[in-house]
Amino acid sequence: MRRKSCLIKYIPVLLTVIMIAVSVSGCGQRAAGGKSGIKIFFSLNEIDTFRQTLVDSAAEQAAQAGAQFTMEDAQGSIEKQVEQLKTAAAGDYDVIICSPVSVDTAVQLKMSAGDIPIVFVNSCPDEKYLQAGKYIYVGSSEQVAGQFQAEYVLAKMSGKQEINVALIKGPASHSATEGRSTGVKRTLEASGKQIHYVFEDSANWDTGQAQKLFELFLRTGVPVDCVICNNDSMALGVMEACKNSGIDCSTLPILGVDATADGCEAIRSGDMAFTVYQSGSGQGHAAVDAAIHLVESGSVKDIDGSTEDGKFVWVDFERVDSSNVSQYN
């Protein structure tokens with residue numbers, strides 16, 4: 001009888017593990033239940049490797065905190081995301097985590113959510129749309145990522161007075177594109193060196209688009225000293241374009257952001273020079289913590305990384321190159 005009672009004792013634990021596993025698998029709609037009664041709705045702009053990590057981490061943190069968690073993927077559709085927030089408002093959710101398809105829709109998203117507080121994550125609306133205790137942002141300070149990339153280039157090319165830079169950017173509608181690109185340019189131009197942007201275009205975070213764009217650029221024969229990309233996926237596309245053109249990637253520094261598994265492997269192989277670790281798991285945990293704090297206390301000021309004005313919770317970036325890549329992925 002003792003063995004039977006022990007088995008019964010552990011059934012709830014097994015069920016909890018199963019619920020967490022269900023909540024963090026796949027990329028469609030997912031839900032996890034808990035004891036606290038706090039209902040969290042997560043509207044994701046569009047799934048990719050990094051955001052999968054973010055969502056999985058958020059689901060895990062919600063389960064550990066005893067909160068209910070539901071995620072839906074807007075699949076890059078503004079209309080679908082607006083409808084998701086309206087559904088969440090009608091479904092008596094306590095708080096919404098939202099990775100916006102477009103930061104320009106912040107007002108529309110807030111209206112769709114009604115009185116429900118929103119934790120924006122990963123793509124930041126203009127600060128004028130944020131409000132302490134109601135509409136806050138969790139993420140990493142994007143300009144710092146660009147600053148880190150530029151600092152690497154400047155250190156690598158300290159002996160050059162002129163630097164020819166190719167800049168491959170993400171979508172114009174994403175706050176990371178502006179932040180990272182601005183961080184790169186400000187840091188490079190503050191160096192006192194002559195910076196020539198010999199190529200600048202958007203590849204929308206996509207490996208294939210970046211490869212095609214850079215292949216076209218290489219055909220021009222314009223000299224380039226480094227390629228700075230707003231994310232690792234595009235850096236990998238540039239890497240493939242170089243290989244297809246017979247260029248040794250170790251002679252042309254290619255830089256990304258995110259420290260994805262593929263990006264780190266490319267650094268280990270010597271094909272990519274540098275990336276910046278953006279913690280998807282850290283952002284997921286912080287977003288759920290912020291969501292719960294908003295519901296329970298109406299403030300995020302007690303969370304690590306929160307700003308004095310209560311509008312932001314920052315998750316630090318980290319530099320990654322051949323010297324420390326073994327610590328990542």
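These notes walk through a predicted model of a single protein chain.

1. Overall content. The protein chain has 10 helices and 13 strands. Of its 329 residues, 50% are buried. Among contacts with a separation of 6 or more, 71% link residues 24 or more positions apart.

2. Confidence. Mean pLDDT for the protein chain is 90. A value of 70 or more is reached by 89% of the residues. The exception to flag is residues 1–30, where the pLDDT is below 50. That stretch still has 30 contacts in the model beyond near neighbours in sequence. Where pLDDT is low, the predicted coordinates should not be read in detail.

3. Strand 2. This strand covers residues 39–44. Five of its six residues are buried, and strand 2 is thus mostly covered. It has two partners to check. With strand 3 (residues 68–73), strand 2 pairs in the parallel sense over six bridges. In that pairing, Leu44 has Asp73 as its bridge partner. With strand 4, strand 2 also pairs in the parallel sense, over four bridges. Here Ser43 stands opposite Cys98.

4. Crossover through helix 2. Strand 2, helix 2 and strand 3 form a β-α-β unit, and the unit is right-handed. Strand 2 and strand 3, which flank the helix in this unit, are themselves paired in the parallel sense.

5. Geometry of helix 2. The helix runs over residues 49–65. Its 17 residues, at 1.5 Å each, should span 24 Å. The end C-alpha atoms lie 25 Å apart, which agrees. At the start of the helix, a side-chain oxygen of Asp48 comes to within 3.2 Å of the backbone nitrogen of Phe50. Just after the helix, Gly66 adopts a positive phi of about 80°.

6. Burial along helix 2. The buried residues are Phe50, Arg51, Gln52, Leu54, Val55, Ser57, Ala58, Ala59, Gln61, Ala62 and Ala63. The list includes Arg51, Gln52 and Gln61 as well as several alanines, among them Ala58 and Ala62. An α-helix has 3.6 residues a turn, so residues three or four places apart point the same way. Pairs with that spacing in the buried set include Leu54 with Ala58, and Ala58 with Ala62.

7. Tyr93. This residue sits in the loop between helix 3 (78–90) and strand 4 (95–98). Its relative accessible area is 16%, so Tyr93 counts as buried. Leaving out residues up to four places away in sequence, Tyr93 touches Lys39, Ile40, Phe41, Thr70, Ala88 and Ile116. Tyr93 and Phe69 are 24 residues apart in sequence, with their C-alpha atoms 9.5 Å apart.

8. Strand 7. Which residues make up this strand, and how many are buried? Strand 7 spans residues 162–169, and six of the eight are buried. It is therefore largely enclosed by the rest of the structure. On one pairing, strand 7 runs parallel to strand 8 (residues 194–202) over eight bridges. Ile168 stands opposite Asp201 there. On the other, strand 7 and strand 9 (residues 226–229) pair in the parallel sense over four bridges. Val165 has Cys226 as its bridge partner in strand 9.

9. The four-stranded sheet. Strands 8-7-9-10, in that order, form an open sheet with parallel pairing. Strand 8 and strand 10 (254–255) are the edge strands, each paired on one side only. The connection from strand 7 to strand 8 passes through helix 6 (residues 175–189), and these three elements make a right-handed β-α-β unit.

10. Asp271. The loop between helix 9 (261–269) and strand 11 (275–277) holds Asp271. Is this residue buried or exposed? With 16% relative accessibility, Asp271 counts as buried. Its side chain makes a polar contact of 3.1 Å with the side chain of Ser269. Outside the neighbours within four places in sequence, Asp271 is in contact with Met239, Lys243, Cys249, Ile254 and Ala266. One of these, Ile254, belongs to edge strand 10 (254–255).

Notes
Residues are numbered from 1 along each chain as its sequence is written. Side-chain values use heavy atoms; hydrogens and water are left out. Buried means under 20% relative accessible area, exposed over 50%, partly exposed in between (1.4 Å probe, protein chains only). Helices (H or I, at least four residues) and strands (E, at least two) are DSSP runs, numbered from the N terminus. Two strands pair if DSSP finds at least two bridges between them. A crossover is right-handed if, with the strands pointing away from the viewer, the path from the first strand over the helix to the second runs clockwise. pLDDT is the predictor's confidence in each residue, from 0 to 100. Contact means heavy atoms within 4.5 Å. The expected span of a helix is 1.5 Å times one less than its number of residues. A polar contact is a pair of N or O atoms within 3.5 Å; within protein, one must be able to donate a hydrogen and the other to accept it, and residues adjacent in sequence count only if both atoms are side-chain atoms.
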